[in-house]
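This briefing looks at a ligand site and at the way two domains meet. Please keep the sequence and the structure at hand while reading.

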Amino acid sequence: MTNPLPGAPHLAYSQGRLAMDGLDLQSLGQAYGTPLYVYSAQAMSAAARAYQAALAGRPHLLCYAMKANSNLAVLQTFAQLGLGFDIVSAGELKRVLAAGGDPAKVVFSGVGKTRAEMQAALRLGVRCFNVESQAELEVLAEVAQHEGRAARVSLRVNPDIDAGTHPYISTGLKGNKFGVAHDRALSLYAQARQLKGLDVMGIDCHIGSQITEVAPYLDALDRVLDLVEAIERDGTRLHHLDLGGGLGITYTDEQPPSPQALVQAMLQRIDARGHGHRELLLEPGRSLVGNAGVLLTDVLYLKPAQADEMTQGGRHFCVVDAAMNDMMRPAMYQAWMGIVECVQPPAGAARTTWDVVGPVCESGDWLGKDRSLAVQAGDTLAVLSAGAYGMTMASNYNTRGRAAEIMIKGGRAHLIRERETPEQLFAGERLIG
Ligand SMILES: *Cc1c(COP(=O)(O)O)cnc(C)c1O
């Protein structure tokens, strides 16, 4: 048994065939068709339990950032473990309800909440709004008064910390659109305290995604605690600290801290500064689901370059049936994702360096470049670490139906989302006349 991905023990080759929780992946691809997302419920639960164990004995709430993967069965898995949810739209709130989640464990983030979204969230009694600007704070107060309810709020502060990650997924720097500037937070808290319709609960920050070190978290935490102390000196009591999500996973050779190591380091700092009595909220997304999923895709055609083309910058293309519309991360962030054969080629099989590309009409449509693979048309490949920001970012570009999703739970494969048909894609469209 060999594991193609460190930190993903649910994924292993057994007699040369890649299996997830013991189920053969190529067979799943054949049974349900490709492209196909396959997730391990057990791997998701294990990741959530790692956070829970580290937080045990502390007042805390783990809110899964569901934009990472919002399939109802995924939400159900986490709701059953007692997790809450970090949402960024009223649509996501509906998903929480549909999956049996508790709105009282929901925090509502995002820079552009509409009045209608605020109203819906207030009526359902979400636990806290993470407010990202003065303008939003004022509108929320208005909506809450109109509803005759109090909106529980935290301000999302921007600690101006470089999380050392990709610019598109870094959110805690001054130039980012997220949160309120550190030096304006104090006066905004004073305003929030005065506004009718608001109930100030805590403070929030989220500095980015795919963060692979503890240091930026501790830097941000120190900045946040400085603020907490100033805010309380100013007369506003804060109940909770929400330190966001962002913990990275292993795609290739990254070695992020474990959830335990990260949480322990945070708790130590919180205690050292005398804030141990506060409830701690965390909003992990990627680290709960990323390594729990793969995207299966079949090789359609091999398109090798001729020798003379190779000297002129030619490339060998391996055309597969998954594309940027199924998995956007490589096209959008130049993200590197592992790609492996579902059936290991025999030892000594000839390998070629392929660019693994999809059928979509964009040169940016690639899943991996320079991958050493021994493949033939008809083979099944697995794109690893595909459980986060895969299906949720999928689109219908090129009128491609979104992939089906499978969850392995209790040793069985469950279809948790049907493949979209072309008819579904244009069902809402109308001819004129
Ligand atoms: C996206 C997001 C998260 C989760 O980030 P991950 O990197 O997936 O852990 C948490 N909080 C907020 C506000 C977010 O926008």
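How many Å separate the centres of domain 1 and domain 2, taken over C-alpha atoms? In this predicted model, the two centres are separated by 36 Å. The points below take up the two domains and their interface, and then the ligand with its shell of residues.

**Domains and their interface**

- The domain assignment of the protein chain places 11-40 + 290-425 in domain 1, while domain 2 is given as 109-284.
- On the side of domain 1, eleven residues are in contact with domain 2, and eight residues of domain 2 take part in these contacts.
- Between domain 1 and domain 2 an area of about 770 Å² is buried, and carbon and sulfur atoms give 58% of that area.
- The residues on the side of domain 1 that touches domain 2 divide by class into five nonpolar, five polar and one charged.
- As for specific pairings, the rule finds zero salt bridges across the interface of domain 1 and domain 2, whereas one residue pair in polar contact is counted between them, with both residues at pLDDT 80 or more.

**Ligand site**

- There are 14 residues around the ligand, and those that come nearest are Lys 67, Ser 209, Glu 283, Arg 286 and Tyr 389.
- By class, the shell around the ligand consists of three nonpolar, six polar and five charged residues.
- Asp 86 places a polar side-chain atom 3.2 Å from a nitrogen atom of the ligand.
- Backbone N or O atoms also approach ligand oxygen atoms, with that of Gly 246 at 2.8 Å and that of Gly 285 at 2.9 Å.
- The ligand taken alone exposes 390 Å², and the protein buries 94% of that area.

Notes: Residues are numbered from 1 along each chain as its sequence is written. This is a predicted model: local features need pLDDT of at least 70, side-chain atom pairs count only at pLDDT 80 or more; totals for chains, interfaces and linings use all residues. Side-chain values use heavy atoms; hydrogens and water are left out. A residue is near a molecule or strand if one of its heavy atoms lies within 4 Å of it. A polar contact is a pair of N or O atoms within 3.5 Å; within protein, one must be able to donate a hydrogen and the other to accept it, and residues adjacent in sequence count only if both atoms are side-chain atoms. Accessible areas come from the Shrake-Rupley method with a 1.4 Å probe; for residues, only the protein chains shown count as cover. Ala, Val, Leu, Ile, Met, Phe, Trp, Tyr, Cys and Pro count as nonpolar, Asp, Glu, Lys and Arg as charged, and the others, Gly among them, as polar. Domain bounds come from an automatic or database domain assignment. Contact means heavy atoms within 4.5 Å. Buried area is the accessible area (1.4 Å probe) that two parts lose on being put together, summed over both. A salt bridge is a side-chain nitrogen of Lys or Arg within 4 Å of a carboxyl oxygen of Asp or Glu.
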